Amino acid sequence: MSVATPLTPSRRVQALLHRRPALRLTGLLTPALLWLGLFYVVPLAVLLATAFFDTNSFTGRITYEFSARNVVDVLTTPAYLLTAARTVGAAAGVTALCVLLALPLATYMALVARERSRPILLALVLTPLWASYLVKVYAWRVLLAPDGGLLGGASPGYGWFAVVLTLTYLWLPYMVLPVYAGISSMRGSFLEAAADLGARPWQAFRSVVMPMLAPAIAAGSVFTFSLSIGDYITVQLVGGTNQMLGNVVYANFSTDLPFAAAVALLPLLVMAAYLITIRRTGALSRL
């Protein structure tokens, strides 16, 4: 007659988790949810609460009494609304340019380039991300200098064109990578089926590839759009006298924190509306 070996505490925990998948899932998700709550949700809640405080005009200290004055001023002052519109326009322009540049580049990498060349091309796309953000922006500042810089008389100078061009360069890899992954996942069968049905290359790309790339483009646009909306350094260096919402927040952060928090609510509202719009198109459901 054999004697059953008593289970160790670790074995008992393993057996309990095996019998209860919901408990196992809770244990896996709890650390990530705690991190998300502490370092993302809580700061956003503090930001939202700070926007409804005020600043003492004499001492410059925050008065912790409810006041909607800052939020009302931001939402009703034409200058801030115009700045928000310019910011959204610049972010939309950056996103559109990134899509236009990423589609042919990612298509070549995934469908045309040799198998051995793809890792090299992918590394070349990622290489700019290894360089310092400020170094890249200052490099474009030199290129776009109003006195000609390295481009001579062809330099457009500082302004919105320079801002969109520089931001496009900065965030292009974030669009190329998901589009490349989307095209790589459909290599072979879909394109071969379209060719067998008589579709020409451009027709197959337009009717088969583009609809299937919608989730990848949507994922990339979330990065390019959100990063452009929150940027303020690029505008300071190559934007001339122009400003975006990030510049307004930066200018008021140290002197009037509640007002800066109220201004920061605008990009949050814009991004929330952007994500809701993309979700309603169904693009995110296939990610």
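A salt bridge is a side-chain nitrogen of Lys or Arg within 4 Å of a carboxyl oxygen of Asp or Glu. In this predicted model, Asp 54, Arg 69 and Asp 73 are linked in a network of such salt bridges, and the legends below begin with an overview before turning to that network and to other close-up views.

**View 1. The protein chain as a whole, made of 12 helices and two strands.** Followed along the sequence, the elements of the predicted chain come in the order α-α-β-β-α-α-α-α-α-α-α-α-α-α, with the two strands placed after the second helix in that pattern. The protein chain has 287 residues, of which 33% count as buried.

**View 2. The salt-bridge network of Asp 54, Arg 69 and Asp 73.** Side chains of opposite charge can pair when their charged atoms come close. Arg 69 forms a salt bridge with Asp 54, and the closest N and O atoms of this pair are 2.6 Å apart. Because Arg 69 lies in helix H3 (residues 69-76) and Asp 54 in strand S1 (residues 54-55), the pair ties together parts that are 15 residues apart in sequence. Arg 69 also meets Asp 73 in a salt bridge, with 3.8 Å from N to O, and here both partners belong to helix H3, where they stand four residues apart, about one turn of the helix. The members of the network are covered to varying extents: Asp 54 is buried, with a relative accessible area of 16%, while Arg 69 is partly exposed at 41% and Asp 73 is partly exposed at 29%.

**View 3. The salt bridge between Glu 115 and Arg 118.** The side chains of Glu 115 and Arg 118 meet with a distance of 2.5 Å from N to O. Is each partner buried or exposed? Glu 115 has a relative accessible area of 58% and is therefore exposed, the cut-off being over 50%, whereas Arg 118 has a relative accessible area of 9% and is therefore buried, the cut-off being under 20%. By the rule given at the start, the count for the model comes to three salt bridges, and the pair of Glu 115 and Arg 118 is one of them.

**View 4. The packing of helix H4 (residues 78-112) against helix H7 (residues 160-185).** Two packed helices are described by the angle between their axes and the distance between the axes. For H4 and H7 the angle is about 40 degrees and the axes are 6 Å apart, which makes H4 oblique to H7. H4 passes H7 in a right-handed crossing. Gly 93 has its place in helix H4 and counts as partly exposed, at 24% relative accessibility. The C-alpha atoms of Gly 93 and Val 164 are separated by 6.7 Å, although the two residues are 71 residues apart along the chain.

**View 5. Ile 183 in helix H7 and its neighbour in space, Leu 213.** Ile 183 lies in helix H7, and at 1% relative accessibility this residue counts as buried. Between the C-alpha atoms of Ile 183 and Leu 213 the separation is 7.0 Å, while along the chain the two are 30 residues apart.

**View 6. Helix H12 (residues 257-280) with helix H11 (residues 245-253) and helix H3.** The axes of H11 and H12 come within 8 Å and cross at roughly 165 degrees, and the two helices are therefore roughly antiparallel to each other. H11 passes H12 in a left-handed crossing. H3 and H12 pack with their axes 9 Å apart and at an angle of about 45 degrees, so that H3 is oblique to H12. The crossing in which H3 passes H12 is right-handed.

**View 7. A nonpolar surface patch of about 1,300 Å².** The residues that make this patch include Leu 25, Leu 28, Leu 29, Trp 35, Phe 39, Tyr 40, Val 42 and Val 46. Val 42 is found in helix H2 (residues 21-50), and with a relative accessible area of 41% this residue is partly exposed.

Conventions: Residues numbered from 1 in each chain as written. Predicted model: local features only at pLDDT ≥ 70, side-chain atom pairs only at ≥ 80, totals over all residues. Heavy atoms only, no water. Patch = residues over 30% accessible without salt bridge, like charges linked within 9 Å, V, L, I, M, F, W, Y side chains within 5 Å. Areas by Shrake-Rupley, 256 points an atom, 1.4 Å probe, with all protein chains shown as cover. Buried < 20%, exposed > 50% of the residue type's maximum accessible area, 1.4 Å probe, protein only. Axes fitted to C-alpha atoms, helices over the stretch in contact; angles between N-to-C directions. Parallel < 35°, antiparallel > 145°, perpendicular 65-115°, else oblique. Left-handed = near helix turned anticlockwise from the far one by under 90°.
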